[in-house]
Amino acid sequence: MEVKKLSISWQFLIVLVLILQILSALDFDPYRVLGVSRTASQADIKKAYKKLAREWHPDKNKDPGAEEKFIQISKAYEILSNEEKRSHYEHYGDAGESQGYQKHREYHFRHFYENFYFDESFFHFPFNSEQRDSIDEKYLMHFSHYVNEVVPDSFKKPYLIKITSDWCFSCIHIEPIWKEVVQELEGLGVGIGVVHAGYERRLAHHLGAHSTPSILGIINGKISFFHNAVVRENLRQFVESLLPGNLVEKVTNKNYVRFLSGWQQENKPHVLLFDQMPTIPLLYKLIAFAYKDYLSFGYVYVGLRGAEEMTRQYNVNVYTPTILIFKEHIHKPADVIQARGMKRQVIDDFITQNKYLLAARLTSQKLFHELCPVKRSHRQRKYCVVLLTAEATKLSTPFEAFLSFALANTQDTVRFVHAYSNRQQEFASTLLPDSDTFQGKSAVSILERRNTAGRVVYKTLEDPWTGSESDKFILLGYLNQLRKDPALLSSEAVLPDLTDELAPIFLLRWLYSASDYISVCYAIVFHNWQEIMIILSLIFSALFILFGSAVIQAFSDSNEEQESSPPDKEEAREKTGKTEPSFTKEPSSKIPKKGFVEVTELTDITYTSNLVRLRPGHMNVVLILSNSTKTSLLQKFALEVYSFTGRIVGW
């Protein structure tokens, strides 16, 4: 009777537990848990879930019921974020998985506390704060964006890129430092990027990032990894190390004349920055890198002895950072900017307005496109006044007169340029008339480009340019007339492409390309050495197997040749008619080889060892021959006893 009562009690408890579980499941309302309406969109559901998950996460909320509350929040989001489960819940009151719910939630929390990892199908948001989301989302980078925009732009500014992922606790640890560095470097002109390794695996693999967090820099299309401690100063030094070392020249009172005089050879304006810092500021290096193709940059430390000569000559306030731009005249700057705490945008505007010389030399087709753009409309006409002159080490009188005319008549619609007729012969011959009037003399042409294929309309002054006042008056008259009558440019031609005068010779280009290739290969090997070691191991293993097979095959072929050589010798002897048996003076313990019978001649020396001391079980066959029968019988004897093994003793 007691056993029966006990059995009934257990059955009652089981039924009670099942009823409580069913009531608990029926009482569970995911909409109420997340605090959203039944018509809420997926975006509203996700937003509510992220807010509640951060609030009730057991690591942040010490409330005793936080764990249970977090489980309910996660379960509610799992149902409502899946349209199929959401539809099933709205029709039947559950998500179709009530039986496995308790086991399912216990597994996920055991998984969290043991491995600090969550199934992405269960949670659909990265483990970060709302502030971290806003920082990362602003700089998120995709593969196409990286290839089409970041890589080309890296030739003008370096990029600092962070590789992150969901549930990356180290990423959270470096977040404050990253935010501080980004705010500083972005203001200086450094490109910033964030790559989510979970969503952009192709890009992360392309960059060579195999762990998170990773920080790398990109400049001129090359990738460099950051390997030091993530602190502000290290990241700043890392960005500075990406820049070439010869961007900015240190200028003193001993070399400033040489530096400023380089405008004629380099065909660039020269920039001088005066400041009180002993080292060159990072901002100035970044600006020099951005405009390296257009200007040359120098830095003057005003605290250095001898700097007073330059500051006094150019009237520089040593207590305020000052930037001077010099063009064709080295004794007087073309433009000046002076201010404390100059912003990057202010300096960019200042540099952009002074990118070219007053009368720049046409040294390449690219520069020709920039200085003399194609006409876009009747209201956007751009005229180029071209001086064709011979190359000279010193400034000639015609060029100086042309320069002074350009300085006095600078307009938005007119650009003054010059070209060396001996270096750009095809270009000059197209603009000059076929006559001996301009032979060895300077000439001036006014042209307007009509398309990128080289079609231009132009007018060349009838007389050579000498720089006289009459020449200037005639040129000024033509320019004034062009404002009213563009038909003044009556001649038409197709200009050939300009020769690139500043391009390095073939050997130097090859050396630069080889250097770049070696540096890229070194970076790939250095940062991916573990994967490369696996590949090299496979390659060397395959080579070892092939080498071993070749050695074994070689020995095998050698043995086969040795085995087959005696019959060959016998055949040769038969052909020559000098067949003789093989003789050995000493008994051999080796087994007779295939196709070869060893016949021993019996003498007083071999008699005892072969017959008297014959081992038990061994048998020798003796053939008695005469000189007349030896040749014919010995071969027949060998053929008959070939199938036997042992010692064959004859004559």
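Begin by selecting Phe297 in this predicted model and displaying its surroundings: leaving aside neighbours within four places in sequence, Phe297 is in contact with Leu247, Val248, Glu249, Phe259, Val271, Tyr284, Ile287, Ala288, Tyr291 and Ile351.

From there, widen the selection to the nonpolar core to which Phe297 belongs, the largest in the model, with 107 residues. Phe297 is listed together with Leu160 and Ile351 as the residues that have the most contacts inside this core. Helix α15, residues 282-290, is the next element to highlight, since the largest share of the core, 7 residues, comes from this helix. Before moving on, colour separately a second core, which is separate from the large one and has 20 residues, including Tyr31, Ile45, Ala48 and Trp56.

Return now to α15 and add helix α17, residues 344-352, whose axis lies 11 Å from that of α15, the two helices packing at an angle of about 35°. The crossing of α15 and α17 is right-handed. With side chains shown, Leu283, Leu286, Ile287 and Ala290 of α15 can be seen meeting Arg344, Ile347 and Ile351 of α17. By class, the residues of this contact divide into 6 nonpolar, no polar and 1 charged. Two of the residues in this contact, Ile287 and Ile351, are also on the list of contacts of Phe297.

The next pair to select is helix α10, residues 175-188, with helix α12, residues 232-242; their axes come within 10 Å and cross at roughly 35°, and this crossing is right-handed. On the α10 side the contact is made by Ile177, Glu180, Val181, Glu184, Leu185 and Leu188, and on the α12 side by Arg232, Leu235, Arg236 and Val239. The residues of this contact divide into 6 nonpolar, no polar and 4 charged.

Zoom out to the whole chain, whose secondary structure comes to 25 helices and 18 strands. Of the 651 residues, 40% count as buried, and residues 24 or more positions apart account for 70% of the contacts with a separation of 6 or more.

Finally, colour the chain by pLDDT, for which the mean is 78, with 74% of the residues reaching 70 or more. Over residues 1-8 the pLDDT is below 50, and this stretch has 0 contacts in the model beyond near neighbours in sequence. Residues 569-594 also have pLDDT below 50, but this stretch has 34 contacts beyond near neighbours in sequence. Where pLDDT is low, the predicted coordinates should not be read in detail.

Definitions and conventions. Residues numbered from 1 in each chain as written. Predicted model: local features only at pLDDT ≥ 70, side-chain atom pairs only at ≥ 80, totals over all residues. Heavy atoms only, no water. Axes fitted to C-alpha atoms, helices over the stretch in contact; angles between N-to-C directions. Helix = DSSP H or I, 4+ residues; strand = E, 2+ residues; numbered from the N terminus. Left-handed = near helix turned anticlockwise from the far one by under 90°. Contact = heavy atoms within 4.5 Å. Nonpolar A, V, L, I, M, F, W, Y, C, P; charged D, E, K, R; others polar. pLDDT = per-residue confidence, 0-100. Core = buried A, V, L, I, M, F, W, Y, C linked by side-chain atoms within 4.5 Å. Buried < 20%, exposed > 50% of the residue type's maximum accessible area, 1.4 Å probe, protein only.
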